[in-house]
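User: I am new to this structure and would like a close look at a single part of it, starting from one residue and working outward into its surroundings. Please take it step by step and explain each term when it first comes up.

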Amino acid sequence: MLLVNKPYNWTSFDVVGKIRNSLKPLKLKVGHAGTLDPLATGLLIICTGKLTKQIDTFQAEEKEYTGTMILGATTPSYDMETDEDEKFDIGNITDEQILNNTAQFTGDIQQYPPAHSAVKINGERLYEKARRGEEVELRLRFVTISEFEITRIALPEVDFRVVCSKGTYIRSLVNDFGRALNNGAYLSKLRRTRSGNFNVSDAFEVMELVEHIRLLKVEPELLK
């Protein structure tokens with residue numbers, strides 16, 4: 001198992017590919033336990049070899065995220081991948097309303113995945129249809145939000161921390177949060193800080209890990 005701090009604008013598969021290439025000529029299976037969107041950063045659990053059989057187990061663990069939402073606008077992707085498509089007045093929104101709004105999103109809730117997501121329907125990922133401008137059928141899913149804490153309010157920015165179950169879309173949570181205020185919101189920053197008992201503070205930077213693997217293969221005595 002390898003803990004990696006996924007960089008901004010990398011896909012989870014970019015990280016898997018970089019590590020798989022660094023392990024050559026070893027022919028090891030390499031996979032990740034839980035996709036992070038390209039615009040998100042933070043903990044990505046990479047499994048290699050026989051441990052790939054336990055990916056589903058690691059994927060099912062509780063996750064913790066920190067992030068920032070922008071109030072007063074929406075985007076089709078619910079994040080910064082697409083441009084703002086609607087704007088709202090936030091002049092009358094109070095800090096108290098924002099803080100109290102988290103209560104209805106704590107516990108067992110239902111949410112729709114974003115149209116721009118990696119969810120597969122009929123063998124095709126939703127984002128592939130969305131990028132072609134096709135309408136997509138979104139299906140409700142049940143998720144659990146154990147903790148939803150507002151950590152900073154500096155409108156239009158609102159920082160938050162969320163502890164949630166597998167399959168939770170933070171982008172959808174943010175979009176629903178804005179709607180509940182009769183307004184709009186989209187995700188501008190997201191970082192996974194924990195998955196199960198594993199923390200991003202213990203993770204390698206990608207290129208640091210690649211160099212570490214190179215040394216293990218070429219000059220193992222340097223690591224003793």
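Analyst: A good place to begin is R214, which counts as partly exposed at 36% relative accessibility; in these terms buried means under 20% relative accessible area, exposed means over 50%, and partly exposed lies in between, with a 1.4 Å probe and only protein chains considered. This is a predicted model, in which local features need pLDDT of at least 70 and side-chain atom pairs count only at pLDDT 80 or more, while totals for chains, interfaces and linings use all residues. Residues are numbered from 1 along each chain as its sequence is written, and side-chain values use heavy atoms, with hydrogens and water left out.

The side chain of R214 meets that of E211 in a salt bridge of 2.8 Å, N to O, the term being used for a side-chain nitrogen of Lys or Arg within 4 Å of a carboxyl oxygen of Asp or Glu. Both residues lie in helix α6, 3 residues apart, about one turn of the helix; helices (H or I, at least four residues) and strands (E, at least two) are DSSP runs, numbered from the N terminus. An α-helix has 3.6 residues a turn, so residues three or four places apart point the same way. E211 is partly exposed too, with a relative accessible area of 34%.

The helix itself covers residues 206-218, and its 13 residues should span 18 Å at 1.5 Å a residue, which agrees with end C-alpha atoms that are 18 Å apart; the expected span is 1.5 Å times one less than the number of residues. Another set of residues in α6 is buried, namely V206, L209, V210, I213 and L215. The buried residues of the helix pack against β1 (2-6), α1 (12-23) and β14 (204-205), where a contact means heavy atoms within 4.5 Å.

To place these residues in the interior, it helps to look at the nonpolar cores, each a set of buried Ala, Val, Leu, Ile, Met, Phe, Trp, Tyr and Cys residues joined through side-chain atoms within 4.5 Å. The largest has 25 residues, and M69, F148 and F177 are among those with the most contacts inside it. Elements that each supply at least two residues of this core are β4, β10 (141-154), β11, α5 (170-180) and β12 (185-195). A second, separate core of 13 residues includes V4, V30, V206 and V210, and of these V206 and V210 are buried residues of α6. In soluble globular proteins, nonpolar side chains tend to be buried together.

The pair in the helix can also be set beside other charged pairs, since a search of the whole structure finds 9 salt bridges. In one of them the side chains of R161 and E64 meet at 2.7 Å, N to O. R161 lies in strand β11 (residues 157-164) and E64 in strand β4 (residues 63-71), so this pair ties together parts that are 97 residues apart in sequence, whereas R214 and E211 are 3 residues apart within α6. E64 is buried, with a relative accessible area of 14%. A further salt bridge joins the side chains of R152 and E157 at 2.6 Å, N to O.

As a whole, the protein has 6 helices and 14 strands, and buried residues make up 47% of its 224 residues.
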